[in-house]
Amino acid sequence: MKLHLPNSAHLQNIEGFIRKYDPNGNPTILRVSGHPNYIHMHPVALAIAACAGATATFRGWKTTGSVPNVRSAPYLVRMKLFDYLSVRPPRKIEEHEESGRFVPITQIRTADDLRRTITNLIPLLHTNPSVADPIRYVVSELGRNVLEHANSRVGGFVCAQYFRDQRRIAIGMADAGIGIAAAIRQSHVAPTEPDALRLALTPGVTGVTPIIGGNETNAGAGLFFIRSIAKASGNFFVVYSGKTEYKLLRSQARPEVLFANPMLEGHTLVESLPDWQGTAIGIDINVDETTQFTSLLDLIRRSYKIDVDRSTAADYTKKIQFT
Amino acid sequence: MKTVVLARVVGTFAEDKDAAAKLRREVILPALAADESLEIDFGGVSLTTQSFIHALISEALRQHGEDALGRIYFRNCSTAPRGIIETVVQYVLEARNEPDAQGADERQESD
């Protein structure tokens, strides 16, 4: 297996990083390399790298290679990449207060891990709800997906970064589980990986039951909400599982319409990528410190629909008793 | 009437589905089965997830339909939890009352 830490891996060009990942070759060695001049990795790329490293360790593989001592190396160290990627850190750093800037790579294997991670986000972020709430929400939903659906022996890896000057949050999660196609096929017909991704991103569809709307514990709405949060803030959302990647493209902020069918959104679908045995999800969210996260959720609420005949549906919300 | 003070169980961010499932099994469903009313107090809860609210109330809505809405009172909801409760109630009851439910993969695209 080969993993190359690239010069640039934003969500808009993440395929460059993915295409250099090689799951084949010697099955007992993870070979790590990095760009000689500068390394920049979106949190989802960091999560994938950490997950690959932890998987290699779990399988008893040898990790070889090195990461060059580039100018951005301290960032990789602070994000705790080398806690999971078994190569020597290119340099030592002074630990110091990082409040409000990033959430380092964290491994989530149990519900307690997830609870602890979400609790620790608050002092790490040390910021207002417009920034903290989307991160808490997305980390919770992605973490639950890993725990409930992935069956990943190493759990999931999550990290986040807040770019204060751009008012942008970047979040990534990766696991080494069964992948979206296998999870969806437990209850639905999905001949191809793109079919499975479409279903997984459609509200009301979950791998745990063929019933639309889900069961008592799963609604099949988690990934729809997360891609909708990206869409509502006008930014990218990427799912990479197996050999297929779905990318929601950047759009105008505050769109009026969110589509239930992800293929109706502005998107790209890339097939025949290197086989990621698991699922990786990346999201960018624009945050406006004057706009509450609730306004994004409100747009999703107004747009949410599962695949039922609305011509006969009543507005049940009027019967809810809020006191 | 039974009262559940949510913040005492889950804190300010209601996301723990395990806690939601426990409340569903041990408090909400038994109360509705006994024809009792129930108050869920969201005071102090600033944010929740769709998954948490679904785990908390969807089964009650499936079992009792709109009648459940006549016996569950949502108290002290701030904007975010309120919006998510509305979303979950709407889609659960829409799906419950859909006469001809079938698998998503068997449907025509409807968008």
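Helices here are DSSP runs of H or I with at least four residues, and strands are runs of E with at least two, numbered from the N terminus. With that in hand, welcome to the tour of this predicted model.

**Stop 1: chain A as a whole**

Select chain A and colour by secondary structure: you should find 9 helices and 11 strands. Along its principal axes, the C-alpha trace covers about 60 × 45 × 35 Å. A compact globule of 323 residues would have a radius of gyration near 20 Å, and the 19 Å of chain A agrees with that.

**Stop 2: the antiparallel sheet of chain A**

Now pick out strands S4 to S10 of chain A. These 7 strands make an open sheet, ordered S4-S5-S6-S10-S7-S8-S9, with antiparallel pairing. At the edges are S4 (102-108) and S9 (267-270), each of which pairs on one side only. Turn the sheet and look along it: the twist averages 10° from one strand to the next.

Zoom in on S6 (residues 168-175) and S10 (residues 276-286) of chain A, an antiparallel pair held over 8 bridges. One spot to label is A:Met173, which stands opposite A:Ile281 in S10(A).

Next, add the helices that lie on this sheet. Helix H2 (residues 43-58) of chain A lies across S4, S5, S6, S7 and S10 of chain A, and runs at about 25° to S6(A). H4(A) packs on the sheet too, where it touches S4 and S5 of chain A; its direction makes about 170° with that of S4(A).

**Stop 3: a helix pair in chain A**

Keep H4 (residues 111-125) of chain A on screen and add H5 (residues 129-150) of chain A. Their axes come within 10 Å and cross at roughly 165°. Angles over 145 degrees count as roughly antiparallel, so H4(A) is roughly antiparallel to H5(A). The crossing of H4(A) past H5(A) is right-handed.

Show side chains at the contact. From H4(A), choose residues including A:Leu114, A:Ile118 and A:Leu121; from H5(A), the residues they meet include A:Ile135, A:Val139 and A:Leu147. By class, this contact of H4(A) with H5(A) has 11 nonpolar, 3 polar and 1 charged residues.

**Stop 4: where the chains meet**

Bring chain B into view. Here 44 residues of chain B are in contact with 48 residues of chain A. On the chain B side, the elements that give two or more residues are H2 (17-33), H3, H4 (66-69), S5 and H5 of chain B. H5(B) gives the most, with 15 residues. Coloured by class, this side of chain B shows 18 nonpolar, 11 polar and 15 charged residues.

**Stop 5: a sheet shared by both chains**

Which strands make up the open sheet of 4 strands? Select S11(A), S5(B), S3(B) and S1(B), in that order, with parallel pairing. Its edge strands are S11 (321-322) of chain A and S1 (2-5) of chain B. The link across the chains is S11(A) with S5(B), parallel and joined by 2 bridges; look for A:Phe322 opposite B:Phe74. Further along, S3 (residues 38-41) and S5 (residues 72-75) of chain B pair in the parallel sense over 4 bridges, with B:Tyr73 as the bridge partner of B:Glu39.

**Stop 6: a helix pair in chain B**

Finish with H3 (residues 50-64) and H5 (residues 79-96) of chain B, which pack at an angle of about 40° with axes 9 Å apart. That angle makes H3(B) oblique to H5(B), and the crossing is right-handed. Among the residues in contact are B:Ile53, B:Ile57 and B:Leu61 of H3(B), and B:Ile85, B:Val88 and B:Val92 of H5(B). The contact of H3(B) with H5(B) has 9 nonpolar, 4 polar and 2 charged residues.

Conventions
Residues numbered from 1 in each chain as written. Chains lettered and ligands numbered in written order. Predicted model: local features only at pLDDT ≥ 70, side-chain atom pairs only at ≥ 80, totals over all residues. Axes fitted to C-alpha atoms, helices over the stretch in contact; angles between N-to-C directions. Parallel < 35°, antiparallel > 145°, perpendicular 65-115°, else oblique. Left-handed = near helix turned anticlockwise from the far one by under 90°. Contact = placed C-beta atoms within 7 Å. Nonpolar A, V, L, I, M, F, W, Y, C, P; charged D, E, K, R; others polar. Pairing = 2+ DSSP bridges. Rg over C-alpha atoms; globule rule 2.2 N^0.38 Å.
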